[in-house]
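Reader: I've got this one open on my screen and I'd like a close look at a single part of it. Could you take me through one helix and what goes on around it?

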Amino acid sequence: MLALTVVLCLPWCARAASYPDKPIHIVVPYPPGGFNDTLGRLVAAKLTAAWRQPVIVENRPGAGTIVGTSTVAKAPADGYTLLVAQFPFAANPSVYRSLPYDTGKDFAPIVLAGQSPMLLTVPKDSPVKTVGDLVQAAKKSPAAINYGSSGTGSSNHLAMALFERMAGIHMVQIPYKGSSPMMTDLAGGQVQAAFDAIANCWAFVQSGKVRPIAVADTRRTPLLPDLPTVSEAGVPGYDVSSWHGFVAPAGTPPEILDKLNTEINAILRMADVREAFAAQGVVPAGGSRDAFTQFIGQQVAKWRKVVDEAGIQPQ
């Protein structure tokens, strides 16, 4: 039996030992720009230098990340096609009636690369100064308070849906096709509030065009150490962050997944990488494949519950 096991293992073991021996493709299911693209290109450059093989970033945006994600689900399970997975990876199973892939069965998690705190922001001239002000205004005039999102099922939409449920309020969603137009209209006063990842809204905050009133994470951000968390500001237990990681097609040999996990963990510890993360408000993560698998499972369950309780109709 032992001999048979060794024989069966030989092709995979040999392949893992020589991996990589051709270019690797990292699919980013977003347009160029933004932290997910930055992450893909940072890791691609470091892997290219370490392994002496080209690592190519492919931007394949569309359909709420479904286009790029589906591409990787259908790719050969050989470690040569990877996906930058983010918040929608775990939320989409609850937001869409059907997907061209199974999030839980068609992918092999590699590593959680980082987490990006979200900020609750308002226009610079808004009378809303605190979380309590926003909650009070929404309770007083539910139909009069709106908020921006990057579309139904996006991270900022679900973050606000959870906020509404936990604060016992209701506001009107104004969906946009992305963070940039949403933040532009928030700065112009067309919408009254919005959650967004620091990496997406930081330029608007720095320029003074929008004003942050709380951090969605349970921890304060070093970029704004005096800004309270939503939990501290009156909605105890509230905790949402945008996250970023890498997955491969299911069936990729574990030896290759381990090799990728080890190398990307090493990259995440590099000083210049950590500086690049910090510049966009992202906290490096890292860890084991099993830990990332559990994390994704927890995220899927969390957002399924939020979607169900908020009465969000799957698309």
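Author: Happy to. Let's start from one residue, Asp290, which is found in helix H11. One thing to keep in mind throughout is that this is a predicted model. Is Asp290 buried or exposed? With a relative accessible area of 57%, Asp290 is exposed, because the bar for that word is over 50%. Along the chain, Asp290 and Val111 are 179 residues apart, yet their C-alpha atoms sit 8.7 Å from each other in space.

Right beside Asp290 in the numbering you'll find Arg289, and this one has a charged partner. The side chains of Arg289 and Asp258 meet in a salt bridge, 2.9 Å from N to O. That pair links distant parts of the chain, with Asp258 in helix H9 (residues 254-268) and Arg289 in helix H11, 31 residues apart. Asp258 itself counts as partly exposed, since its relative accessible area is 39%. The general idea is a familiar one: side chains of opposite charge can pair when their charged atoms come close.

Now slide along H11 to Glu309. What does the side chain of Glu309 meet? It forms a salt bridge with the side chain of Arg165, at 2.8 Å from N to O. Across the whole model, the salt bridge count comes to seven. The Arg165 and Glu309 pair reaches a long way along the chain, with Arg165 in helix H6 (residues 155-167), Glu309 in helix H11, and 144 residues separating them. Neither end is hidden away: Arg165 is partly exposed at 38% relative accessible area, and Glu309 is partly exposed too, at 43%.

To see where that pair sits, you need the domains. The domain assignment of the protein chain gives domain 1 as 24-115 + 241-310 and domain 2 as 118-215. The contact between them takes 16 residues from domain 1 and 14 residues from domain 2. Their C-alpha centres lie 27 Å apart. How much area do domain 1 and domain 2 bury between them? The figure is about 1100 Å², and 73% of it is on carbon and sulfur atoms. If you wonder about the choice of number, the size of an interface is often given as the accessible area lost when the parts come together.

On the polar side of that boundary, the count between domain 1 and domain 2 is one salt bridge. There are also two residue pairs in polar contact between the two domains, counting pairs with both residues at pLDDT 80 or more. This brings H11 back in: helix H4 (87-95), strand E9 (241-249) and helix H11 (289-310) each supply at least two residues of the side of domain 1 that touches domain 2. The largest share of that side, six residues, comes from H11. By class, the side of domain 1 that touches domain 2 has ten nonpolar, four polar and two charged residues.

Since strand E9 has come up, have a look at what follows it. Thr252 has its place in the loop between E9 and H9, and H9 is the helix that carries Asp258. At 5% relative accessibility, Thr252 counts as buried. The side chain of Thr252 reaches the backbone oxygen of Pro249 at 2.7 Å. Leaving aside residues up to four places away in sequence, Thr252 touches Ala77, Asp78, Gly79 and Leu257.

Ahead of E9 there's another charged pair worth a glance. The side chains of Glu232 and Arg220 meet in a salt bridge, 3.0 Å from N to O. Both residues lie in the loop between E8 and E9, so this pair ties together parts that are twelve residues apart in sequence. Glu232 is partly exposed at 49% relative accessible area, and Arg220 is partly exposed at 41%.

For a contrast with those charged pairs, try helix H8 (residues 198-206), whose buried residues are Ile198, Cys201, Trp202, Phe204 and Val205. What covers them includes strand E4 (107-123), helix H7 (179-187), strand E7 (194-197), strand E8 (210-215) and helix H10 (271-279). After H8 comes Gly208, whose phi is positive, near 80°.

So, back to where we began: H11 holds the exposed Asp290, the Arg289 end of one salt bridge and the Glu309 end of another, and H11 gives the largest share of the side of domain 1 that touches domain 2.

Methods
Residues are numbered from 1 along each chain as its sequence is written. This is a predicted model: local features need pLDDT of at least 70, side-chain atom pairs count only at pLDDT 80 or more; totals for chains, interfaces and linings use all residues. Side-chain values use heavy atoms; hydrogens and water are left out. Domain bounds come from an automatic or database domain assignment. Contact means heavy atoms within 4.5 Å. Buried area is the accessible area (1.4 Å probe) that two parts lose on being put together, summed over both. A salt bridge is a side-chain nitrogen of Lys or Arg within 4 Å of a carboxyl oxygen of Asp or Glu. A polar contact is a pair of N or O atoms within 3.5 Å; within protein, one must be able to donate a hydrogen and the other to accept it, and residues adjacent in sequence count only if both atoms are side-chain atoms. Helices (H or I, at least four residues) and strands (E, at least two) are DSSP runs, numbered from the N terminus. Ala, Val, Leu, Ile, Met, Phe, Trp, Tyr, Cys and Pro count as nonpolar, Asp, Glu, Lys and Arg as charged, and the others, Gly among them, as polar. Buried means under 20% relative accessible area, exposed over 50%, partly exposed in between (1.4 Å probe, protein chains only).
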